[in-house]
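Grab your viewer and work through the exercises below. Each one comes with a solution you can follow step by step.

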Amino acid sequence: MGSSPAPFSDIGKRAKDLLTKDYNFDQKFTLSVVGSTGLGLTANGLKRDQIFVGDINTLYKSGNTTVDVSTKVTVSDILPSTKAVFSFRIPDHKSGKLDVQYLHPHAAFDSSIGLNPTPLLELSATIGSKDLSLGGEIGFDTASSLLTKYNAGISFNKPDFSAALLLTDKGQTLKASYIHAVDSCNGTAVAAELTHRFSTFENSFTLGSSHVIDPFNVVKTRFSDNGKAGVLWQREWRPKSLVTVSAEYDSKALNSSPKIGLALALKP
């Protein structure tokens, strides 16, 4: 119990990452350049169907402070074990938000407040340790005086496996997830997520696997009860530079072609 529990957003994250992370069925490009002075530049491009969207972000790091020149300022250790993030979207001056995270040896707290006259308030907390944690989160809209969300979860983590149980959608959905490192030598892992919706009594599941072929190549697969099967291949062709190819086939949509996506991330 000597280590802090993870934030609430990390409950079930290991299994979710194996099942969803890096799967992309569009054309995506990312270029990141970091200078010796702490100034970094990131360019993103996304092509979906016939639409292309791009943006450029500039970051500056100095000590415990990280500044996104256009939208975000992050300050770590303003108080012991505390991190604060101030963010906004240009030109929307009402999009300002302040996030504060505090880590205690047996608890973790995250809070968020919108910087406008009728802010959205969010608070999450977990107690326990890095092995066993219990937590919850709530959201409150001051404009309507309504709760926007309330979720709870518990997780049990070990180096070779992780299990989590989450009650989400204002108590309407129960999710159970599990990930297990089958063979740590070759990086083989399997994961499963089961979902039950109380309002409709519907059950669904997703199964997935990940296998490290060699230090530069990773293959992932997944299958869902809705008939969709996906596969992903990712190669690190130079340090921190990745090319990822994803494909998904819907066995219930016989007249549609498989979805194929390509993502290229460059970090010179």
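**Exercise 1.** In this predicted model, find which strand holds Val34, then decide whether Val34 is buried or exposed.

*Solution.* Start with the secondary structure: Val34 belongs to strand E1, which covers residues 27–34. Next, check the relative accessibility of Val34, which is 59%. The cut-off for exposed is over 50%, so Val34 counts as exposed. Now look for contacts, skipping residues up to four places away in sequence: Val34 touches Leu39 and Gly40. Finally, try a long jump along the chain. Val218 is 184 residues away from Val34, and their C-alpha atoms are separated by 26 Å.

**Exercise 2.** Work out the overall make-up of the protein: how many helices and strands does it have, and what share of its residues is buried?

*Solution.* Count elements to begin with: there is 1 helix, alongside 19 strands. Then take the burial figure, which is 27% of the 268 residues. For the extent, the C-alpha atoms fill a box of roughly 50 × 45 × 40 Å along the principal axes. The accessible surface comes to about 16,300 Å², and carbon and sulfur atoms own 63% of that. Last, the contacts: among those with a separation of 6 or more, 29% link residues 24 or more positions apart.

**Exercise 3.** Track down the largest nonpolar core and say which element gives the most to it.

*Solution.* A bit of background helps: in soluble globular proteins, nonpolar side chains tend to be buried together. Here, the largest such core has 6 residues, namely Ala15, Leu18, Leu19, Ile179, Ala189 and Ala191. Two elements give two or more residues to this core: helix H1 (13–20) and strand E14 (188–197). H1 gives the most, with 3 residues. To see the surroundings of one core member, pick Ala189 and leave aside its neighbours within four places in sequence. Ala189 is then in contact with Leu18, His180, Ala181, Val182, Gly208, Ser209 and Ser210.

**Exercise 4.** Map the nonpolar surface patch and find out which strands give two or more residues to it.

*Solution.* Select Ile127, Leu132, Leu134, Ile154, Phe156, Leu165, Leu167, Leu174 and Phe198: together they make a patch of about 730 Å². The elements with two or more residues in the patch are strands E10 (132–141), E11 (146–158) and E12 (161–168). Zoom in on Ile154, which sits in E11. Its relative accessible area is 37%, so Ile154 is partly exposed.

**Exercise 5.** Classify the geometry of the Phe156 and Phe161 ring pair, and say which residues form the aromatic cluster.

*Solution.* The structure holds 2 aromatic pairs. For Phe156 and Phe161, the ring centres are 5.8 Å apart and the planes meet at 45°, so this pair is tilted. Then check exposure. Phe156 has 35% relative accessibility and counts as partly exposed; Phe161, at 21%, is partly exposed too. Add Tyr178 to Phe156 and Phe161 and you have one aromatic cluster.

**Exercise 6.** Take two non-glycine residues with positive phi, Ser145 and Asp169, and find where each one sits.

*Solution.* Ser145 has a phi of about 55° and lies in the loop between E10 and E11. With a relative accessible area of 52%, Ser145 is exposed. For Asp169, phi is near 55°, and its place is the loop between E12 and strand E13 (173–183). Asp169 has a relative accessible area of 48%, so it is partly exposed.

How values were computed
Residues numbered from 1 in each chain as written. Predicted model: local features only at pLDDT ≥ 70, side-chain atom pairs only at ≥ 80, totals over all residues. Heavy atoms only, no water. Patch = residues over 30% accessible without salt bridge, like charges linked within 9 Å, V, L, I, M, F, W, Y side chains within 5 Å. Areas by Shrake-Rupley, 256 points an atom, 1.4 Å probe, with all protein chains shown as cover. Salt bridge = Lys/Arg side-chain N within 4 Å of Asp/Glu carboxyl O. Helix = DSSP H or I, 4+ residues; strand = E, 2+ residues; numbered from the N terminus. Buried < 20%, exposed > 50% of the residue type's maximum accessible area, 1.4 Å probe, protein only. Core = buried A, V, L, I, M, F, W, Y, C linked by side-chain atoms within 4.5 Å. Contact = heavy atoms within 4.5 Å. Phe/Tyr/Trp six-rings, centres within 6.5 Å; stacked < 30°, edge-to-face > 60°.
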